Amino acid sequence: MIPDEALKKISQRFKLSAPVYVTRPRMPELSAYSRCLEQIWDSRWLTNDGQFHREFERRLKEYLGVEHLNLFVNGTIGLLVALQALRINSGEVITTPFTFAATSHVLHWNGIRPVYCDIEDKTFNIDASKIERLIGSDTKGILAVHVYGNPCDVEAIQAIADRHGLNVIYDAAHAFGVRIGDKSIMEYGDISAMSFHATKLFNSIEGGALVSKSEKQRTRIQFLRNFGIADAETVIGPGINGKMNEFQASFGLLGLDLVDEEIEDRRTLTYLYHRLLSDVPGITYLEDMPGVRHNYSYMPILVDPETFGISRDALSEILRECNVYSRKYFYPLCSNYPCYSALPSSAPENLPVANRIADHILCLPLYGELDEDIVENVCRIIGVIGHEM
Ligand code: T4K
């Protein structure tokens, strides 16, 4: 707890005139979206594989350089279907606790027990060197997350999966546009799942997509996404409704033209943050990885209370007083949610790195249209606290 007097002093000195959120969506021109809306109105075709849907799917494949892609109404339904597509609907899946709730919940909704594996302290991704010891007779697959868009150790994970005959699904909700060398990150594993939620680097209001390995798999996903319907009189299996509508698809199409600029703007701001925070004792951040085209989707820092002087929670409170709304992505860990905390793998002693990172992590505001002045102000607040507390 920060004394009220100290909080008041800091907010008097540094309070920003308007709230600054952790992210803001890049918006296309309203006039361009209005033209799409007019076309949708005229056609009266609102959903179910409409013209914008078909065009968005085509353009996304082109942009990402992938062959087999299905759009979804959101990332969570995409992940649910990915597991069904690979027929993983019982037993256990090894996964990370350091992620958004959806990653664990899709396992539960498919009747699968999550088995939590600890994470690496360099990338915050699942620690591949700790996966194999968690594999048992009930293990059906590995569900890993490219946290903040930083690639998992994809080669090591694939080698483990191959040795044990397991499928790999990547929750690539944060990883839009990321490449390892020349290859899209979506090409790794059996299926990669994206999210195009409004808070993501690239958005279609709500939305998502699956990238799979073969035309056969893509067709199966297409049936599963549409109630298992093959034609007006044939239902070939228990599917769900995961279809993206025309309003989302046209919004996404317009956004696709802006995404490279968004990544570039975020890159500039990320490097500014790095430069301004580099000499603040007790604050660390993730560096770029060699050979990776990053997307700069988040600006996470770790706050070491011993060196910085105050805790992550206290820093987040002070920033809020100054009108800066940072977020603790991802605290609490999924393994500490009441619905999963009783699982044997959830014991904190099995997940020391994940628990430590979750207690120290804070994501600072980052989006393409964020003013450099604001980044400078946020860093000034953090710097002053670091030097004065
Ligand atoms: N896997 C991973 C690893 C994920 O991170 C996510 C989603 C998923 C799977 C599931 O994908 P989806 O089914 O969502 O497609 C947000 C998002 O709701 C969630 O999509 C996202 N992860 C997660 C990391 O963040 P909240 O609860 O933090 O969102 P919220 O509403 O507090 O928004 C954060 C800030 O963004 C606001 O303070 C202001 C700004 N904002 C938000 C919205 C919704 C806007 O400026 N405009 C907006 O429309 O969860």
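A cavity, in the sense used here, is a set of grid points where a 1.4 Å probe fits but cannot get out. Keep that in mind as we walk through this predicted model.

**Stop one: the cavities.** How many cavities of 30 Å³ or more does a search of the whole structure find? There are 5.

**Stop two: the second largest cavity.** Its volume is about 70 Å³. To see its walls, select Val22, Thr23, Thr199, Ser297, Tyr298, Met299, Tyr329, Leu364 and Leu366, the residues that line it. Now colour your selection by class: 6 of these lining residues are nonpolar and 3 are polar, with no charged residues.

**Stop three: the largest cavity.** Here the volume is about 160 Å³. Select Asn150, Leu286, Tyr296, Tyr298 and Pro300, which lie nearest the centre of the largest cavity among its 15 lining residues. Next, show helix H9 (259-277) and strand S15 (299-303), the elements that each give two or more residues to this lining. Colouring by class again, you will find 7 nonpolar, 6 polar and 2 charged residues around the largest cavity. Pause on Tyr298 before moving on: this residue lines the second largest cavity and is also one of the residues nearest the centre of the largest one.

**Stop four: out to the surface.** Select Phe227, Ile229 and Val235, and switch on the surface: together they make a nonpolar patch of about 250 Å². Zoom in on Phe227, which sits in the loop between helix H7 (215-225) and strand S11 (229-231). Is Phe227 buried, partly exposed or exposed? Its relative accessible area is 38%, so Phe227 counts as partly exposed.

Note on methods
Residues are numbered from 1 along each chain as its sequence is written. This is a predicted model: local features need pLDDT of at least 70, side-chain atom pairs count only at pLDDT 80 or more; totals for chains, interfaces and linings use all residues. Side-chain values use heavy atoms; hydrogens and water are left out. Patches are made of residues with over 30% relative accessible area and no salt bridge: like charges are joined within 9 Å, nonpolar side chains (Val, Leu, Ile, Met, Phe, Trp, Tyr) within 5 Å. Accessible areas come from the Shrake-Rupley method with a 1.4 Å probe; for residues, only the protein chains shown count as cover. A salt bridge is a side-chain nitrogen of Lys or Arg within 4 Å of a carboxyl oxygen of Asp or Glu. Helices (H or I, at least four residues) and strands (E, at least two) are DSSP runs, numbered from the N terminus. Buried means under 20% relative accessible area, exposed over 50%, partly exposed in between (1.4 Å probe, protein chains only). On a 1 Å grid over the protein atoms alone, a cavity is a set of points where a 1.4 Å probe fits but cannot get out, and a pocket is an open set with protein on both sides within 12 Å along at least five of seven lines; lining residues have an atom within 4 Å of a point. Grid points are joined across faces, edges and corners, and a volume is the space filled by probe spheres set on the points. Ala, Val, Leu, Ile, Met, Phe, Trp, Tyr, Cys and Pro count as nonpolar, Asp, Glu, Lys and Arg as charged, and the others, Gly among them, as polar.
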